[in-house]
Amino acid sequence: TWHLKKIPQIVRERTFSLDSPKFEAKTKLELNSVCGIECQRKLPVPSLSDLKNLLSYETVFENGTRTLTEVNVLGAVLDPAGNTTTRRPLRKKRQIYGTDSRFSIYDKRFMTNFPFNTAVKISTGCSGILISPKHVLTAAHCLHNGKDYVKGSKRLRVGLMKTKSRGNGRKRNGTSDGMPSFQWTRVKSTHIPKGWFKGVSGDIALDYDYAVLELKRPHKRKYMELGISPTIKMMPGSMIHFSGFDNDRSGQLVYRFCSISDESNDLFYQYCDAEPGSTGSGIYLRLKEPNKKKWKRKIIAVYSGHQWVDINGEQQDYNVAVRITPLKYAQICFWIHGNDENCTQG
């Protein structure tokens with residue numbers, strides 16, 4: 001079963017205007033020398049005032065204006081256990097671990113139906129997932145490098161999959177039937193937590209590598225529900241799943257699933273096969289509820305990408321996902337609804 005958790009409340013305290021961003025940063029789909037598993041273990045538990053700072057957020061609007069919203073956090077349970085992780089032997093790996101276990105989805109019936117049609121393409125080169133009729137969840141570093149917004153994020157667009165029609169039975173544009181094309185929608189506003197910005201965290205900490213985009217017009221598709229990430233031990237079926245648009249398989253939707261190798265309070269470390277381009281994909285769990293025939297799916301993390309980190313003076317690598325904790329659930333839910341009344345059940 002899903003484990004329901006008591007959700008803290010995120011309350012807006014005040015919002016003020018900031019200067020318009022420069023939009024000059026380069027998009028980096030792979031991050032280096034971030035705080036890895038060893039470093040995560042040593043991080044102190046954030047205090048309540050830390051949390052208020054980390055969960056305050058910037059909003060950038062379509063016309064280039066920008067605001068900062070300060071928040072208060074009510075009912076947060078500060079975990080005294082700290083960033084405990086289960087220790088595993090270190091592994092030296094690459095982005096494709098052994099045999100490539102990714103599946104390209106070609107069949108229209110799958111591609112244009114739930115859950116695969118919730119995957120979207122972000123115009124800066126990442127992936128994302130639909131989480132409401134108007135909102136998309138993705139990784140913060142697809143839009144912001146910790147200091148400034150990336151070049152392409154000023155005119156940000158989101159591509160929803162549609163399959164090309166064949167037109168007189170012939171191939172159009174030289175592409176075979178069943179390859180997705182995209183219906184592009186402008187983004188009205190973007191929310192990024194302050195925890196992602198360098199000035200706040202000193203170095204880039206992946207814990208806050210998530211962002212929510214509000215679309216200019218609503219879509220009419222089924223979207224994915226948010227959930228709270230369980231620990232590895234409580235993971236239904238012990239498998240995570242995600243679909244995105246990997247760069248090495250141009251124009252294809254790529255699906256994969258795997259188990260999780262390690263965890264901290266805010267991150268999952270896993271060896272799901274993934275290439276750049278799938279960054280920002282929504283990671284979900286599948287669960288068959290008792291006495292029901294259908295699968296239920298919930299997003300419990302955002303894929304942050306392939307990371308190189310220093311561990312004991314050696315460069316190690318793995319694929320990292322940002323867990324949706326009760327606090328992040330409250331924040332993302334607040335961004336969707338504009339209040340916290342709809343966000344009490346995780």
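## Strand 16 and its hairpin

In this predicted model, strand 16 (residues 267-270) is covered on both faces. Leu267 and Tyr269 lie on one side, Phe268 and Gln270 on the other, and all four residues are buried. In a regular strand, side chains alternate between the two faces of the sheet. Burial here refers to a relative accessible area under 20%.

Strand 15 (residues 260-263) pairs with strand 16 in the antiparallel sense, over three bridges. Within this pairing, Tyr269 of strand 16 is the bridge partner of Asp262. The connection between strand 15 and strand 16 is a hairpin of three residues.

## Nonpolar cores

The largest nonpolar core comprises 67 residues. Ile131, Leu137, Val158, Leu226 and Ile332 are the residues with the most contacts inside it. Helix 5 (residues 326-337) gives the most to this core, contributing eight residues. A second, separate core has 14 residues, including Phe268, Ala274, Ile283 and Tyr303; Phe268 is also one of the buried residues of strand 16.

Leu226 illustrates the packing of the largest core. When residues up to four places away in sequence are not counted, Leu226 touches Ile131, Leu137, Lys298, Ile299, Ile324, Tyr329, Ile332, Cys333 and Ile336.

## Overall chain

The chain contains five helices and 19 strands. Of its 346 residues, 55% count as buried. Among contacts with a separation of 6 or more, 74% are between residues 24 or more positions apart.

The accessible surface of the chain is about 16100 Å². Carbon and sulfur atoms account for 49% of that surface.

Key. Residues are numbered from 1 along each chain as its sequence is written. This is a predicted model: local features need pLDDT of at least 70, side-chain atom pairs count only at pLDDT 80 or more; totals for chains, interfaces and linings use all residues. Side-chain values use heavy atoms; hydrogens and water are left out. Helices (H or I, at least four residues) and strands (E, at least two) are DSSP runs, numbered from the N terminus. Buried means under 20% relative accessible area, exposed over 50%, partly exposed in between (1.4 Å probe, protein chains only). Contact means heavy atoms within 4.5 Å. Accessible areas come from the Shrake-Rupley method with a 1.4 Å probe; for residues, only the protein chains shown count as cover. A nonpolar core is a set of buried Ala, Val, Leu, Ile, Met, Phe, Trp, Tyr and Cys residues joined through side-chain atoms within 4.5 Å. Two strands pair if DSSP finds at least two bridges between them.
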